[in-house]
Amino acid sequence: MATSTSKVVDIHTHMYPPAYVELLESRKSIPFIRRFDGAKDPRYIILPSEAESLDKITAAGSSASANLPGRPVTSHYSSLAQKLHFMDTHGIDISVISLANPWLDFVASEEAGETAKSVNQEFSNMCASSPGRLFFFATLPLTAPPETLLAAIGHIRGLRYCRGVILGTSGLGKGLDDGALVPVFRALAANRLTIFLHPHYGLPSEVWGPRASAEYGHVLPLALGFPMETTIAVARMYLAGVFDAVPGLRMLLAHSGGTLPFLAGRIESCIVHDGHLVCSGKAGPARRTVWDVLREQIYLDAVIYSGVGLRAAIDAGGGEDRLMFGTDHPFFPPLNSDEQGEWESMTWNATAVSKALGDGSEGARKVMGGNAVGVLRLWED
Ligand code: 5CU
């Protein structure tokens, strides 16, 4: 459902509103924001794999010469003026902003409902202050009791600039194939709220081997752990029949669906050759395949940084109508040039779109913004 607009829309772009930053600053365990002696900016420590380097610094009693864990928290994380500057610098007309990982996954059950309400209200206010330029994916209080969680959907559906929710893969603690989540998925679908599925937990740190934390930076968890986490979460939903149970469910998968476009054929083969699934009637001819679900209920972002990956994502969804451009701002800032200038997260992803679909082509216009405007109703402001 693309429109003929040539607007550029960034659907994968995060903000940490000031109240959320304060919450992180008040914490003593991951996730948290902490200042280290001699470091210009505070550091944001979120990934389970960062715990090891944090422990080393704590044991050494000094951070002066050490490789600091986490990432610097600059104004790009929480300043709206900075977000608009980033958009203007890169010719982005509209951003659909969302809280970044790990959202409210760590918030105590009794506080989650109110925290979600205030975070979502902050997002709503930011969007209202730049009408036509900002929309948002809200955050759900997943640790709250079921009635609070459903009430949160009631709250966000009334927020003028909200177009969906950003969701991690842990769900209520048992993953997204948990039957207890079906009412939540139904409520989101009934309110035309798209789920933006985003990873956070990656894979267990052991899979990266003993050299990773000292020598390989964040490369393995971010480049490989994140995409595998998304792939596994969606495969589990598919195998549990969630997409059939909630046909109105629409999901937008981060990082072009992890490895799903590449592995969908293998998942299919494993299903039809699985004795257990065949005997229990789950692999019969009436089954909607993974390909069907990809073409009917799933959108993929275009945050994959290469034409090769993007081409696979386009083909998996049956065409360019299911891809939406994104930058992942404020993550991956340039390290050797001015942060107020051009970011490769924009240029690499935009170049990938041109390479895969042709510079200035209709397909490229759809991916750069037309699909997002149509699917997320970005004209209804
Ligand atoms: O650099 C990172 O850690 C991240 C992250 O945590 N989340 C994200 O969306 N991109 C990069």
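Start with helix H13, residues 307-316, and helix H14, residues 344-357: their axes come within 8 Å and cross at roughly 60°. At that angle, H13 is oblique to H14. Look along the pair and read the hand: H13 passes H14 in a right-handed crossing. Keep in mind throughout that this is a predicted model.

**A second helix pair**

Now select residues 109-129, helix H4, and residues 146-156, helix H5. Their axes lie 10 Å apart, and the packing angle is about 15°. Angles under 35 degrees count as roughly parallel, and H4 and H5 are therefore roughly parallel to each other. The hand here is right-handed.

**The eight-stranded sheet**

Hide the helices and bring up the strands. One open sheet has eight strands with parallel pairing. Step across the sheet in the order E1-E5-E6-E7-E8-E9-E10-E11. Which strands stand at the edges? They are E1, residues 9-15, and E11, residues 323-324. Each has a single partner strand, so one side of each is left without a neighbour in the sheet.

Zoom in on the E1 edge. E1 pairs with strand E5, residues 94-99, in the parallel sense over five bridges. For one contact within that pairing, pick threonine 13: its bridge partner in E5 is isoleucine 97.

**The three-stranded sheet**

Move to the other open sheet listed here, with strand order E2-E3-E4 and antiparallel pairing. Its edges are E2, residues 32-34, and E4, residues 71-72. Each edge strand has one partner strand, so one of its sides has no neighbour in the sheet.

Select residues 43-45 for strand E3, which pairs with E2 in the antiparallel sense over three bridges. Isoleucine 33 stands opposite tyrosine 44 of E3.

**The ligand shell**

Centre the view on the ligand. Which residues surround the ligand? Select Ile46, Leu47, Arg71, Ala100, Asn101, His218, Leu222, Asp328 and Phe331. Colour this shell by character: five residues are nonpolar, two are polar and two are charged.

**Two cis prolines**

Stay with Asn101, a member of the ligand's surroundings. The peptide bond from asparagine 101 to proline 102 is cis, and its omega is near 5°. Proline 102 sits in the loop between E5 and H4.

Next, go to histidine 329. Its peptide bond to proline 330 is cis as well, with omega near 10°. Where is proline 330? It is found in the loop between E11 and H14. For context, most peptide bonds are trans.

**A positive phi**

Select histidine 255. Its phi is near 55°, a positive value in a residue other than glycine. Most residues other than glycine have a negative phi. Histidine 255 belongs to the loop that runs between strand E9, residues 251-253, and helix H10, residues 260-272.

**The annotated domain**

Finish by colouring residues 111-378. UniProt, in an unreviewed entry, lists this range as "domain: Amidohydrolase-related". How much of the chain is helix and how much is strand over residues 111-378? The values are 49% helix and 9% strand. Put a distance label between the end C-alpha atoms of the range: they are 32 Å apart.

Key
Residues are numbered from 1 along each chain as its sequence is written. This is a predicted model: local features need pLDDT of at least 70, side-chain atom pairs count only at pLDDT 80 or more; totals for chains, interfaces and linings use all residues. UniProt positions are given in the numbering used here, feature names are shortened, and annotations may be inferred rather than shown by experiment. Helices (H or I, at least four residues) and strands (E, at least two) are DSSP runs, numbered from the N terminus. A residue is near a molecule or strand if its C-beta atom, placed from the backbone, lies within 6 Å of it. Ala, Val, Leu, Ile, Met, Phe, Trp, Tyr, Cys and Pro count as nonpolar, Asp, Glu, Lys and Arg as charged, and the others, Gly among them, as polar. Two strands pair if DSSP finds at least two bridges between them. Axes are lines fitted to C-alpha atoms, for helices over the stretch in contact, and angles run from 0 to 180 degrees between N-to-C directions. Angles under 35 degrees count as roughly parallel, over 145 as roughly antiparallel, 65 to 115 as roughly perpendicular and the rest as oblique. A crossing is left-handed if the near helix is turned anticlockwise from the far one by less than a right angle, and right-handed if clockwise.
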